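Please open the model in a viewer and follow the stops below in order. Each stop says what to select and what is found there.

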Amino acid sequence: MTILEAIQEVDALKPNTYTQSMKIKWLSTLDGMIKNQVIDTHEGFEGVTFSPYDDETPLNTELLVKNPYDSMYIAWLESKIDYVNGEYTKYNNSITRYNDIYSAFNNEYNRNHTPLTSSIRYW
(Lines give C-alpha, C1' and ligand atoms only; values in the text may rest on other atoms or scores of the structure.)
Protein backbone atom coordinates (compact mmCIF):
# COMPACT_ATOMS: atom_id res chain seq x y z
CA MET A 1 0.00 0.00 0.00
CA THR A 2 1.26 3.47 -0.82
CA ILE A 3 0.78 6.69 1.10
CA LEU A 4 -1.74 7.87 -1.49
CA GLU A 5 -3.70 4.60 -1.47
CA ALA A 6 -4.04 4.73 2.32
CA ILE A 7 -5.22 8.34 2.26
CA GLN A 8 -7.68 7.75 -0.56
CA GLU A 9 -9.13 4.68 1.12
CA VAL A 10 -9.65 6.36 4.48
CA ASP A 11 -11.18 9.41 2.77
CA ALA A 12 -13.64 7.14 0.93
CA LEU A 13 -14.54 5.19 4.07
CA LYS A 14 -14.60 8.07 6.54
CA PRO A 15 -15.13 11.47 4.91
CA ASN A 16 -13.22 14.09 6.88
CA THR A 17 -11.80 17.59 6.70
CA TYR A 18 -8.22 16.79 7.68
CA THR A 19 -5.48 17.72 5.25
CA GLN A 20 -3.36 15.33 3.29
CA SER A 21 -0.36 16.75 5.16
CA MET A 22 -1.85 15.72 8.50
CA LYS A 23 -2.59 12.20 7.26
CA ILE A 24 0.95 11.88 5.89
CA LYS A 25 2.26 12.90 9.33
CA TRP A 26 0.06 10.28 11.02
CA LEU A 27 1.29 7.59 8.59
CA SER A 28 4.88 8.66 9.23
CA THR A 29 4.36 8.34 12.98
CA LEU A 30 3.01 4.80 12.58
CA ASP A 31 5.79 3.63 10.25
CA GLY A 32 8.36 5.19 12.58
CA MET A 33 6.93 3.20 15.49
CA ILE A 34 6.88 -0.01 13.42
CA LYS A 35 10.49 0.52 12.36
CA ASN A 36 11.67 1.20 15.92
CA GLN A 37 9.55 -1.29 17.86
CA VAL A 38 9.32 -4.23 15.48
CA ILE A 39 11.79 -4.17 12.59
CA ASP A 40 14.84 -2.76 14.39
CA THR A 41 14.53 -5.40 17.11
CA HIS A 42 15.10 -8.28 14.68
CA GLU A 43 17.94 -9.51 12.51
CA GLY A 44 17.88 -8.09 9.02
CA PHE A 45 16.74 -4.65 10.12
CA GLU A 46 19.64 -3.12 8.19
CA GLY A 47 17.85 -3.93 4.94
CA VAL A 48 14.80 -1.84 5.85
CA THR A 49 15.11 1.90 5.54
CA PHE A 50 12.72 4.52 6.78
CA SER A 51 12.83 8.28 6.50
CA PRO A 52 9.96 10.21 8.06
CA TYR A 53 7.30 11.20 5.56
CA ASP A 54 6.45 14.81 4.87
CA ASP A 55 4.86 16.88 2.11
CA GLU A 56 7.97 16.34 -0.05
CA THR A 57 7.71 12.54 0.15
CA PRO A 58 6.38 11.04 -3.11
CA LEU A 59 2.81 9.83 -2.61
CA ASN A 60 3.65 6.54 -4.34
CA THR A 61 6.05 5.66 -1.50
CA GLU A 62 5.36 2.15 -0.23
CA LEU A 63 4.46 1.91 3.44
CA LEU A 64 6.46 -0.58 5.55
CA VAL A 65 3.74 -3.14 6.29
CA LYS A 66 2.56 -5.28 3.40
CA ASN A 67 -0.61 -7.24 2.68
CA PRO A 68 -2.41 -8.85 4.52
CA TYR A 69 -1.59 -6.52 7.42
CA ASP A 70 -1.63 -3.22 5.54
CA SER A 71 -5.22 -2.57 6.59
CA MET A 72 -3.66 -1.41 9.88
CA TYR A 73 -2.94 1.92 8.13
CA ILE A 74 -6.64 2.47 7.46
CA ALA A 75 -7.61 1.58 11.02
CA TRP A 76 -4.84 3.86 12.33
CA LEU A 77 -6.00 6.82 10.25
CA GLU A 78 -9.62 6.19 11.22
CA SER A 79 -8.67 6.11 14.89
CA LYS A 80 -6.74 9.38 14.57
CA ILE A 81 -9.71 11.04 12.86
CA ASP A 82 -12.14 9.73 15.48
CA TYR A 83 -9.90 10.85 18.34
CA VAL A 84 -9.38 14.41 17.14
CA ASN A 85 -13.11 14.65 16.37
CA GLY A 86 -13.84 13.75 19.99
CA GLU A 87 -15.83 10.68 18.90
CA TYR A 88 -14.48 8.43 21.60
CA THR A 89 -16.83 5.48 21.09
CA LYS A 90 -15.83 5.34 17.43
CA TYR A 91 -12.21 5.85 18.46
CA ASN A 92 -12.38 2.87 20.82
CA ASN A 93 -13.70 0.70 17.99
CA SER A 94 -11.14 1.85 15.42
CA ILE A 95 -8.15 1.69 17.79
CA THR A 96 -9.18 -1.81 18.87
CA ARG A 97 -9.27 -2.88 15.22
CA TYR A 98 -5.87 -1.27 14.69
CA ASN A 99 -4.44 -3.02 17.77
CA ASP A 100 -5.73 -6.39 16.55
CA ILE A 101 -4.09 -5.99 13.14
CA TYR A 102 -0.87 -4.61 14.65
CA SER A 103 -0.70 -7.57 17.04
CA ALA A 104 -1.22 -10.06 14.22
CA PHE A 105 1.52 -8.33 12.18
CA ASN A 106 3.89 -8.25 15.16
CA ASN A 107 3.30 -11.95 15.90
CA GLU A 108 3.89 -12.90 12.26
CA TYR A 109 7.05 -10.78 12.13
CA ASN A 110 8.35 -12.46 15.31
CA ARG A 111 7.68 -15.92 13.83
CA ASN A 112 9.56 -15.16 10.61
CA HIS A 113 12.46 -12.97 11.78
CA THR A 114 15.04 -13.80 14.42
CA PRO A 115 14.96 -11.38 17.35
CA LEU A 116 18.22 -9.65 18.19
CA THR A 117 19.80 -10.94 21.34
CA SER A 118 21.29 -8.74 23.98
CA SER A 119 23.87 -9.72 26.48
CA ILE A 120 22.93 -9.55 30.11
CA ARG A 121 25.50 -8.00 32.36
CA TYR A 122 25.56 -8.48 36.07
CA TRP A 123 27.03 -5.85 38.32
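**A guided tour of the chain**

Begin by selecting F105 and Y109: both residues are buried. Show their side chains, and an aromatic pair appears, with 5.8 Å from centre to centre and 50° between the planes, a tilted arrangement. F105 and Y109 stand four residues apart in helix α4, so about one helical turn separates them. Add Y69 to the selection; ring pairs join Y69, F105 and Y109 into a cluster. Please bear in mind throughout that this is a predicted model.

**The whole chain**

Now deselect everything and display the chain as a cartoon. How many helices and strands does the protein chain have? The secondary structure amounts to four helices and zero strands, and the order along the sequence is α-α-α-α. The C-alpha trace extends over about 55 × 35 × 30 Å along its principal axes.

Switch to a surface view. The protein chain exposes about 7600 Å², of which carbon and sulfur atoms supply 51%. Of its 123 residues, 36% count as buried. Colouring by charge brings out 10 positive and 17 negative side chains, and the centres of these two sets are 6 Å apart.

Contacts offer another view of the chain. Among those between residues at least 6 apart in sequence, 69% join residues that are at least 24 apart.

**More aromatic pairs**

Next, select the aromatic side chains. A pair of aromatic rings is described by the distance of the centres and the angle of the planes. The whole structure contains eight aromatic pairs. One to look at is Y98 with Y102: the ring centres are 5.8 Å apart and the planes meet at 40°, so this pair is tilted. Y98 and Y102 both belong to helix α4, which covers residues 88-112, and because they are four residues apart, about one helical turn lies between them. Are these two tyrosines buried or exposed? Y98 is buried, with a relative accessible area of 5%. Y102 is buried too, at 15%.

**The nonpolar core**

Select L27, I34, M72 and Y73. Within the largest nonpolar core, which has 30 residues, these four touch the most other members. Helices α1 (3-13), α2 (20-37), α3 and α4 each supply at least two residues of this core. Which helix gives the most to this core? The answer is α3, with seven residues.

Keep Y73 selected and show what surrounds this residue. Beyond the residues up to four places away in sequence, Y73 touches M1, A6, L27, L30, D31, I34, L63, L64 and V65.

**Two stops in helix α3**

Move to L77, which is placed in helix α3. L77 has 0% relative accessibility and therefore counts as buried. Draw a distance from its C-alpha atom to that of V10: the value is 6.8 Å, although the two positions lie 67 residues apart in sequence numbering. With residues up to four places away left out, L77 touches A6, V10, K23, W26 and L27.

Continue to S79, also located in helix α3, whose residues are 71-84. Its relative accessibility is 0%, so S79 counts as buried. Apart from neighbours within four places in sequence, S79 makes contact with Y91, S94 and I95.

**A stop in helix α2**

Select I24, which lies in helix α2. I24 is buried, with a relative accessible area of 3%. What is I24 in contact with, once neighbours within four places in sequence are left aside? The contacts are I3, I7, Y53, D54, D55 and L59. For L59, a distance can be drawn as well: its C-alpha atom is 8.9 Å from that of I24, and the two residues are 35 apart along the chain.

**A cis peptide bond**

For the final stop, select N67 and P68 and show the backbone atoms. The peptide bond leading from N67 to P68 is cis, with omega near 15°. P68 belongs to the loop between α2 and α3.

Key: Residues numbered from 1 in each chain as written. Predicted model: local features only at pLDDT ≥ 70, side-chain atom pairs only at ≥ 80, totals over all residues. Heavy atoms only, no water. Phe/Tyr/Trp six-rings, centres within 6.5 Å; stacked < 30°, edge-to-face > 60°. Buried < 20%, exposed > 50% of the residue type's maximum accessible area, 1.4 Å probe, protein only. Contact = heavy atoms within 4.5 Å. Areas by Shrake-Rupley, 256 points an atom, 1.4 Å probe, with all protein chains shown as cover. Lys, Arg positive; Asp, Glu negative; His and termini not counted. Charge placed at Lys NZ, Arg CZ, Asp CG, Glu CD. Core = buried A, V, L, I, M, F, W, Y, C linked by side-chain atoms within 4.5 Å.
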